[in-house]
Amino acid sequence: MAVFEGTFGDIMESLKKEGFVPELQEDSSFEPFTGKYVARITECYRKTGVGKGTNEPYDFVAMKLEVVEHKEGQKAIGRRLDKVYSYDSKGMKALMNDLFTAGINNCNSASDEEFAMFLSTLTDKLVNVSCWARAKSKKVGDKWEEVVPKEMKQWFKIVATLKLKGAEGAKVDNSSVPF
């Protein structure tokens, strides 16, 4: 196909002359994945603001990861994972536990500015992750029920070691993440 500069009508006319026929795009089945992986932290930052739809304030820390090494389960190199921690004692406890689990325990921040600097140092750190998928659920009365229609949601946790299954049974792999 030639590079073409012109109006939309000119471009479409050129495509028709070339015999272009639109093709049906199939669903790529980009669904949640399961397995054990090494992931790289691509970003970690605090985000604050006011929700456009709800007009409610939000304040959280976002951690973005990319799977860089497959250890067990579905192939997922290049897939991305996102984790959000509320900016309160419960969320910061979860973040500090995840970082400690990953061998990152040097957060001595005393101010929001120092904490922002610390979060920026997490970029390119490697962590072990265990991923699974399960249907979304909601609490009805005293019990949890799956949301219908059944929609799968990606879940993961940062782990210190990966327990891999093999011919000789489960084994622990500490080799991939240099702490």
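Two strands are said to pair if DSSP finds at least two bridges between them. By that rule, strands S1 and S2 of this predicted model pair in the antiparallel sense over 15 bridges.

## Overall layout

The chain has three helices and nine strands. Along the sequence they follow the pattern α-β-β-β-α-α-β-β-β-β-β-β. Of the 179 residues in the chain, 27% are buried. Among contacts with a separation of 6 or more, 58% are between residues 24 or more positions apart.

## Strands S1 to S3

Within the pairing of S1 and S2, lysine 36 stands opposite glutamate 72, a residue of S2. The two strands form a hairpin with six residues between them. S2 also pairs with S3; these strands run antiparallel and are joined by seven bridges. Here alanine 62 has valine 84 in S3 as its bridge partner. The hairpin of S2 and S3 likewise has six residues between its strands, and glycine 78 in that hairpin takes a positive phi near 90°.

## Residues with positive phi

Most residues other than glycine have a negative phi. Asparagine 55 and aspartate 124 are listed below with their phi values and places in the chain.

| Residue | Phi | Place |
|---|---|---|
| Asparagine 55 | near 60° | loop between S1 and S2 |
| Aspartate 124 | about 75° | loop between H3 and S4 |

Asparagine 55 sits in the turn of the S1 and S2 hairpin. With a relative accessible area of 61%, asparagine 55 is exposed, since the cut-off for exposed is over 50%. Aspartate 124, at 48% relative accessibility, counts as partly exposed. A positive phi is also found at glycine 103, which follows H2 and has a value near 85°.

## Helix H2

Helix H2 comprises 13 residues, 89-101. At 1.5 Å a residue these should span 18 Å, and the end C-alpha atoms are 18 Å apart, so the expected and modelled spans agree. The buried residues of H2 are Gly91, Met92, Leu95, Asp98 and Leu99. These residues lie on the same side of H2 because they cover an arc of only 125° around the axis. An α-helix has 3.6 residues a turn, so residues three or four places apart point the same way. On the other side of H2, the exposed residues are Ser89, Lys90, Lys93 and Phe100.

At the start of the helix, a side-chain oxygen of aspartate 88 comes to within 3.2 Å of the backbone nitrogen of lysine 90.

## The nonpolar core

The largest nonpolar core has 26 residues, and those with the most contacts inside it are Met63, Leu95 and Val129. Two or more residues of this core come from each of strand S1 (35-50), strand S2 (57-73), strand S3 (80-86), H2, helix H3 (112-120), strand S4 (126-135) and strand S7 (152-159). Leu95 is also one of the buried residues of H2.

Leaving aside residues up to four places away in sequence, methionine 63 touches Ile41, Glu43, Cys44, Leu81, Asp82, Lys83, Tyr85, Leu95, Leu99 and Ile158. Two of its partners, Leu95 and Leu99, belong to the buried residues of H2.

## Leucine 122 and serine 130

Leucine 122 lies in the loop between H3 and S4. Its relative accessible area is 0%, so leucine 122 is buried. With residues up to four places away in sequence not counted, leucine 122 touches Ile41, Cys44, Leu99 and Ile104. Ile41, Cys44 and Leu99 are also among the residues that methionine 63 touches. Leucine 122 and methionine 63 are 59 residues apart in sequence, and their C-alpha atoms are 9.2 Å apart in space.

Serine 130 is placed in strand S4. At 12% relative accessibility, serine 130 counts as buried, the cut-off being under 20%. Again not counting residues up to four places away in sequence, serine 130 touches Gly35, Lys36, Trp155, Phe156, Lys157 and Val159. Of these, Lys36 is the residue that stands opposite glutamate 72 in S2.

Terms used:
Residues numbered from 1 in each chain as written. Predicted model: local features only at pLDDT ≥ 70, side-chain atom pairs only at ≥ 80, totals over all residues. Heavy atoms only, no water. Helix = DSSP H or I, 4+ residues; strand = E, 2+ residues; numbered from the N terminus. Expected span 1.5 Å × (residues − 1). Buried < 20%, exposed > 50% of the residue type's maximum accessible area, 1.4 Å probe, protein only. Arc of directions from axis to C-beta. Polar contact = N/O pair within 3.5 Å; in protein donor to acceptor, adjacent residues only side chain to side chain. Core = buried A, V, L, I, M, F, W, Y, C linked by side-chain atoms within 4.5 Å. Contact = heavy atoms within 4.5 Å.
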